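Me: Could you walk me through how to read a few features here? I'm new to this one.

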Amino acid sequence: MASNVFLRRSWLAENGALAALVVLIVALSLLSADFLSVTNLLNVGVQAAVTAILAFGGTFVIVTGGIDLSVGSVAALSAIVLAWTAAVPGLPWPLATVVSLVVGVACGLVNAALIAYGKLPPFIATLAMLGIARGLALVISQGSPIPMPDAVSHLGDTIGGYLPVPVLVMLVMGALAAVILNRTYVGRAMYAIGGNEEAARLSGIKVSRQKLITYALSGGFAAVAGIVLASRLASAQPQAAAGYELDAIAAVVIGGASLSGGKGRALGTFVGALILAVLRNGLNLLSVSAFWQQVVIGVVIALAVLVDTLRRRGMS
């Protein structure tokens with residue numbers, strides 16, 4: 001009997017976000033007849049896509065014990081670069097897309113260099129990049145939206161008029177994040193650094209190099225998210241994705257990652273992003289004021305961090 005209780009508690013500790021998502025879906029389906037319609041559920045997936053992709057990249061950083069506040073601005077800058085290079089120099093859209101991804105990775109590398117070699121706290125380094133990237137997006141675009149190439153805009157379409165492409169991109173990026181975290185040396189190094197950075201260094205892990213890889217991945221994922229968002233809007237907007245970095249961090253934490261590092265899963269992050277999307281969608285269906293929605297989501301985030309804190313205290 002005691003072992004069964006322990007197993008149930010262990011399962012809830014590891015899959016609490018999934019259980020919360022199921023409860024949330026059941027509650028909203030009872031409160032709104034429209035919630036479980038196929039159209040609405042696909043809409044939830046589309047709403048979750050950009051946040052989830054940003055959050056997958058953020059998971060790498062948070063697992064190492066860091067934080068990345070720049071992903072929303074990097075997403076906007078990457079989309080602006082894609083649209084501008086396709087429109088002004090006239091680069092073919094595949095090459096413009098590559099340039100856009102390189103810009104995202106470069107922003108991540110700058111963050112990592114400031115943290116690993118400049119010894120700046122991750123909060124300060126990525127906060128600085130938040131302002132730099134957003135400013136560059138405004139400078140390049142002169143503050144105005146730039147139309148996306150038609151081929152790239154199809155990322156915002158649906159396959160067969162039914163399956164949204166952003167949802168497919170989200171699933172692919174989630175699978176990639178899971179493989180990196182669970183099946184590669186880079187992923188194992190992330191967990192080691194987040195668990196105990198000094199011990200990781202003494203065990204032979206090149207911590208500075210791994211941080212370069214970690215933040216580069218975060219920047220690359222942010223670039224993909226920016227392209228997906230711009231394709232949905234059919235234009236790259238310099239003020240796009242403002243505030244998304246907070247949703248991304250919230251999704252990672254709600255999904256069970258620890259802000260102190262060493263813990264986090266791609267699946268948990270995916271569930272966290274879905275919880276935020278389902279919550280917003282359900283509150284909209286119930287005609288809850290947007291002001292109160294912010295209050296509810298803030299409470300959910302606070303509870304998620306509180307649960308993580310209590311869990312770590314119980315383990316110590």
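Reply: Let's start with one residue and its surroundings in this predicted model. Leaving out residues up to four places away in sequence, Asp68 touches Val61, Asn111, Thr126, Tyr215, Ser218, Glu245 and Ile249.

Me: Where does Asp68 sit?

Reply: Look at the loop between H2 and helix H3 (71-87); that's the place of Asp68.

Me: Which side chains make polar contacts with the side chain of Asp68?

Reply: One is Ser70, joined to Asp68 side chain to side chain by a polar contact of 2.6 Å. Another is the side chain of Ser218, at 2.9 Å.

Me: And what about charge: which side chain of opposite charge is nearest to Asp68?

Reply: For a salt bridge, the charged atoms have to be within 4 Å. The nearest side chain of opposite charge is Arg134, 11 Å away, and Asp68 is buried with no salt bridge.

Me: Now the core. Which residues touch the most other members of the largest nonpolar core?

Reply: Ile53, Leu54 and Met170, out of 77 residues in that core. Helix H2 (residues 38-63) supplies the largest share, 13 residues. Beyond its neighbours within four places in sequence, Met170 has contacts that include Ala52, Ile53, Phe56 and Phe270.

Me: Is Glu197 buried, exposed or partly exposed?

Reply: Partly exposed counts as anything between 20% and 50% relative accessible area. Glu197 comes out at 29%, so partly exposed is the label. You'll find Glu197 in helix H9 (residues 197-202), and apart from residues up to four places away in sequence, Glu197 touches Ala192, Val207 and Lys211.

Note on methods:
Residues are numbered from 1 along each chain as its sequence is written. This is a predicted model: local features need pLDDT of at least 70, side-chain atom pairs count only at pLDDT 80 or more; totals for chains, interfaces and linings use all residues. Side-chain values use heavy atoms; hydrogens and water are left out. A nonpolar core is a set of buried Ala, Val, Leu, Ile, Met, Phe, Trp, Tyr and Cys residues joined through side-chain atoms within 4.5 Å. Buried means under 20% relative accessible area, exposed over 50%, partly exposed in between (1.4 Å probe, protein chains only). Helices (H or I, at least four residues) and strands (E, at least two) are DSSP runs, numbered from the N terminus. Contact means heavy atoms within 4.5 Å. Lys and Arg count as positive and Asp and Glu as negative; His and the chain ends are not counted. A polar contact is a pair of N or O atoms within 3.5 Å; within protein, one must be able to donate a hydrogen and the other to accept it, and residues adjacent in sequence count only if both atoms are side-chain atoms.
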